[in-house]
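Here is a walk through a protein chain for someone who hasn't met it before. Take a moment to turn it around on your screen, and then we'll start with a single side chain and work outward.

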Amino acid sequence: MGDLVEQGERSRGRRPRRWASRPGAITGLACLLAWIAASPRPSRAADIAAAEAAFRTGRYDEANRLAAEAVRDGSWVERWHLVKIRSEMAQGLYPAALGSFEDGARRIPGSVALLLLGREVYRRNGRGAEADALLDAIEARVRAAPSRYGTPDGLVLLGRYFLARGADAKKVLNQCFDPAAKQQPGLVDAPFAIAELALSKQDAALAATTLAKAPKAARDDPHYHYLLARAFDDDDRGRSEKELDEALKVNPRHVDSLLLRASHRVDQERSAEAADLLQQAFAVNPREPRGWAYRAVLAHLSSHPEGEASARAKALDSWPEDPEVDHIIGRELSAKYRFAEGSAYQRKSLGLDPDYPPARAQLCQDLLRLGREDEGWALADAIFKDDPYNVLAFNLTTLRDLLAGFRTLQGEGFLVRMDPREAELYGPRVLALLARARKTLGAKYGATIDGPITVEIFPRKKEFAVRTFGLPGAEGFLGVCFGPVITANSPASQGETPANWEAVLWHEYGHVVTLHKTKNKMPRWLSEGISVYEEGKENPAWGSPITPRYRAMLLGEDFTPLSRLSAAFLAPKSGMHLQFAYFESALAVEFLIAKAGEAALRGVLDDLGAGFTINEALPSRAGMTLEQLDLAFADFARKKAEAVAPGMTWDAPDLPPTADAKALEDWLGQHPKSFPGLRRLAAKLVAGATDAPGLAKAKGRVEELRRADPDYVGEDNAYVLLAALARKTPDPPAERQALEALAAKDGDASPALLRLMELERGSGDWPALARDAGRMLAINPLVAAPHRGLAEASEKLGHDAEALDAYKALAILDETDPADAHYRLAKLLARLGRKDEARLEVLKSLEEAPRFLDAHKLLLELVPPEPRPEAKTP
Ligand SMILES: [Zn+2]
C-alpha cells in the first residue's frame, strides 16, 4: 500500500476475526468504542491524565510507576501502555520498553498507536526487521477496518502510518492531518503531526503558522515549544532560543530541546556549554543516540578522532542501522563549513539507508557547496522526483533551470557564472578583479588552491538565497563563500545604492584563501576578520573606518574580548551587533599583525589547518597567553577608538527635524562638543546659505566638522557639505576636491562619483574621468553613465580597446540615445579598420533613428564600392 486509502473506502466485507471473537458479540465499531471508553473506572481516567502530565513534565519515573500499576491491574486502556513505553524509552530503558510493548500489543492487538510506537521500540533494541514488519501488521489492521480510522485521532495515526510507508506528503496532509485538525480543533496531535511533517520537508513557514493556530492546551507540552524552536531555527535564532526556554520550563529534562540547544551552542563555538547540555541529556537517557552523535561532533571539532569514533559507536549501539546518527554528525560538521567531512558522513548514513530523506537533502546541499555541481543537481532532481513536496528540492531544481540560462566565463582558476546581459556588461572586470585577488592574497597567505573556484553572481536576491542557503529569505548578505564556491548578489538586486561589488568579491576571495589554508577549520570571526582587513589593505575606500557608532561600542559594553569574539559573531544581539562583529574582528586581525606580524598570522592559519584549536594556536604564535592577548587587544581597541574625534561627544540633539539653525546653535551652545549636533547644524547652514556671509558661516562649521572626524563618511559628512557649498558658489575645482576626498574614503559613494564625472568631462580631464568611471563601474556597471564616461575618456586618451568595450556596453545600456551609442561604436570600429563590424553597428543605429544624417554618411563611407554593372545584352 504505497498510496493513501481513499477517504470513505469501505471494509472489504471480511469481518476482522479478532474483534468478532471478543466476548459480548460486539458487532459495530461504535459499540466497541463505547465499550473502551466506558471500561476504565472514573478514578483511572484521572490517573491517566496525572501519568501523562508526569511524562510531559519530565517525571519519567513517576509516569512509569503509575502506568506500571495500572497495567499490572490488567488495563486494556491504550493510553496506559503508551505512557509506560514512552517513559521507558525516554530513559533509555529499551529492553523494558520492548517488554511493555509486547505486553501491550498482546492485550490490545488492534492498537495502531501502539504498533507505531513499537517500531521505535524494536529499532532501539536492534531489531530493525521486526520494526519494519510492524508496518505490515498496521496495514492489516487498517485494511480490516478502515472506517475505524475516520475519527480525528484515527486520521492522525493513519497519516503517520502512511508517512512511515513513504506516502506522498501532500496527500497525507490533505487527506489525514488537515481533516483531523478541522474536525476536532482541540486535538493537539493534529497540529503536531502537520508541523513535524512540514519541518521534515524544510517547510518552516507551514510549521510555524500551524503551531500558532494550535489549541491552547498544546502550550503545556514541551514538544509544542520544541517544534516551534525548530521552525524558527534558521530565520530567527533568538525566537528559537526563547521557545527552548519555554520547553525546558515545562520539562527541564526534555531531551529533544536539550539537544537542539546543544546544537546551537556548537554553532556558536561554545563547546563547553554544548558538552554540559549533552551531559544533561545523558542524565535522562544515557543511551540517547543523538546525544552521542553530538558528542562525536564535539570530538571531531577538537580533533579527537578516537573520541569521535567511540562516541559514534555508542550512538549506533542500540540500533546499528540508525541512519540519523551519521546524518546528525555530518549536518553539524557542514554547519561548521566542514563540507567535505560532512558529506562523507551523509554518505555513511545513506549506506545504512539509501532512501533516508534528511541525509539525501543534506548531501545535495553539501555537494553544491563543494562545487560538485553535476552530482548535486542530479541528487536535487532525484529528491524532487521522489518527493515533490520537498521545499528544498523544489527550490534547487527551479534554480538549476535558471542557472542553465547563465553564461559561464573562464579565467585562470575560476569559473564565473553570470546572467548573460551582466556578463556582457562587466564579466571581464569580474575576471580581472578575481585574478588580481588570487595573485595578491594567494601570495600573501601562501595558500595553494587546487581546482577552479566557482563564482556565481545573481541578479535577484531570492535565487542568491536559494543557492546559498537552500531557502529564500536571509536578507543582508552581499556574498558568501563556502571554500570552493562563492555566491554573490549583483548590483541589480540592491536598488539605488549598491555596495561595491569589487570589494565584496575581494572579501569573498579572502575567505577562499583562508578556508583553503585551514581546510575550513577556522573560527568564523578570524575568517571574517581577515577578509574585512584585506579589503581595507587593497583599497582604503573599501575598509571599515571607526564610525561614531563603532567608537561608542568599542568604548562601551559592546566591546568583546578577543578570546570571545566567536560569540559576538555567532550570537549577535541585533543586525548592528553583527556588523560590529565584522568590524571588531578586522580590528583584532590588525592588532595581531601589529603585535606579532603577518608571519605569525599565517602560522595561526597553518596550526588551525593542522587541527589545533584557535586557543592553542593564538598564544603560541603571538607569544602571549590568552589573558595577555585579551588585555593587549582591549588596550589597542580603546586607543584606536579614542583617537577618533578626540574630545567630541555623541549626544544627539533632542530637537524636531524641522528645528532651524538658531535652535541648533542654541542647543550646541549647551553641548559644545556634540558631533551629531555640529553635523546637523552644518547641514542646516549649508542648505540655507544664499549669500556670501551665509556661505562663509556655513563653511566655517563644515570645516569644524571635518577637523573633528576626517574619516566620517556617513550621512551629511563634511565632504558632501563642502561640495554642496562649492556648487552653490559655484567653484568647480573646490567641488571636485571635496568629492575626490570623499571617493578616496568611501568605496560606495556613487552620487559623488557621478557628479565628479560630470565635472571632469566639463573640464576635459580625461585621465580623471577614466579613473572615476572605473571606480563607478566597481559599484554599478548596470547603468550607462560610467560606460559613457569611460568610452569618451578612453577614446580621447587613445585607449582603443577600453573604448571599444565601453561603447559596446553603452550600446546595450543606453536607452536615452541608443542610435548615438551604436553610431559612436561604429565610428570607433571604422577607425580601427574593422569595417564589417562597423557597418553592422551603423545599421543598428539607423534602425533606431532612420533619419540620423551622420550615420548615413558613415554608412556611405563603409559601403564597399559597388561592382560596375555588367553590360546588359538585350
Ligand atoms: Zn565574509
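Let's begin with glutamate 590, which counts as partly exposed because its relative accessibility is 26%. Keep in mind that this is a predicted model. Glutamate 590 has a partner: its side chain meets that of lysine 640 in a salt bridge, with 2.7 Å from N to O. Lysine 640 is partly exposed too, with a relative accessible area of 30%. Now look at where the two sit. Glutamate 590 belongs to helix α30 and lysine 640 to helix α33 (residues 626-643), so this pair ties together parts that are 50 residues apart in sequence.

What makes such a pairing possible? Side chains of opposite charge can pair when their charged atoms come close. A search of the whole structure turns up 70 salt bridges, and a couple of others are worth a visit.

Try aspartate 103 and arginine 106, whose closest N and O atoms are 3.9 Å apart in their salt bridge. Here the partners share a helix: they are three residues apart in helix α6 (residues 94-107), so about one helical turn separates them. Arginine 106 counts as exposed, because its relative accessibility is 61%.

Further along the chain, aspartate 836 and arginine 839 form a salt bridge as well, and their closest N and O atoms are 2.5 Å apart. Both lie in helix α44 (residues 835-848), again three residues apart, or about one turn of the helix. How exposed is each partner? Aspartate 836 is exposed, with a relative accessible area of 56%, while arginine 839 is partly exposed at 21%. Salt bridges can also link up by sharing partners, and one such network joins Arg736, Glu740, Glu760, Asp765, Arg771, Asp772 and Arg775.

Now for the inside. The largest nonpolar core has 144 residues, and those with the most contacts inside it are Leu505, Trp525 and Leu526. Which helix gives this core its largest share? That is helix α30 (residues 575-596), with eleven residues. You've met this helix already, as the home of glutamate 590.

Zoom in on leucine 526 to see some of the packing. Setting aside its neighbours within four places in sequence, leucine 526 is in contact with Val589, Leu601, Val604, Leu605, Leu608 and Ile614. Apart from this core lies another, of 60 residues, including Ala113, Leu134, Leu135 and Ala180.

Terms used. Residues numbered from 1 in each chain as written. Predicted model: local features only at pLDDT ≥ 70, side-chain atom pairs only at ≥ 80, totals over all residues. Heavy atoms only, no water. Core = buried A, V, L, I, M, F, W, Y, C linked by side-chain atoms within 4.5 Å. Buried < 20%, exposed > 50% of the residue type's maximum accessible area, 1.4 Å probe, protein only. Helix = DSSP H or I, 4+ residues; strand = E, 2+ residues; numbered from the N terminus. Contact = heavy atoms within 4.5 Å. Salt bridge = Lys/Arg side-chain N within 4 Å of Asp/Glu carboxyl O.
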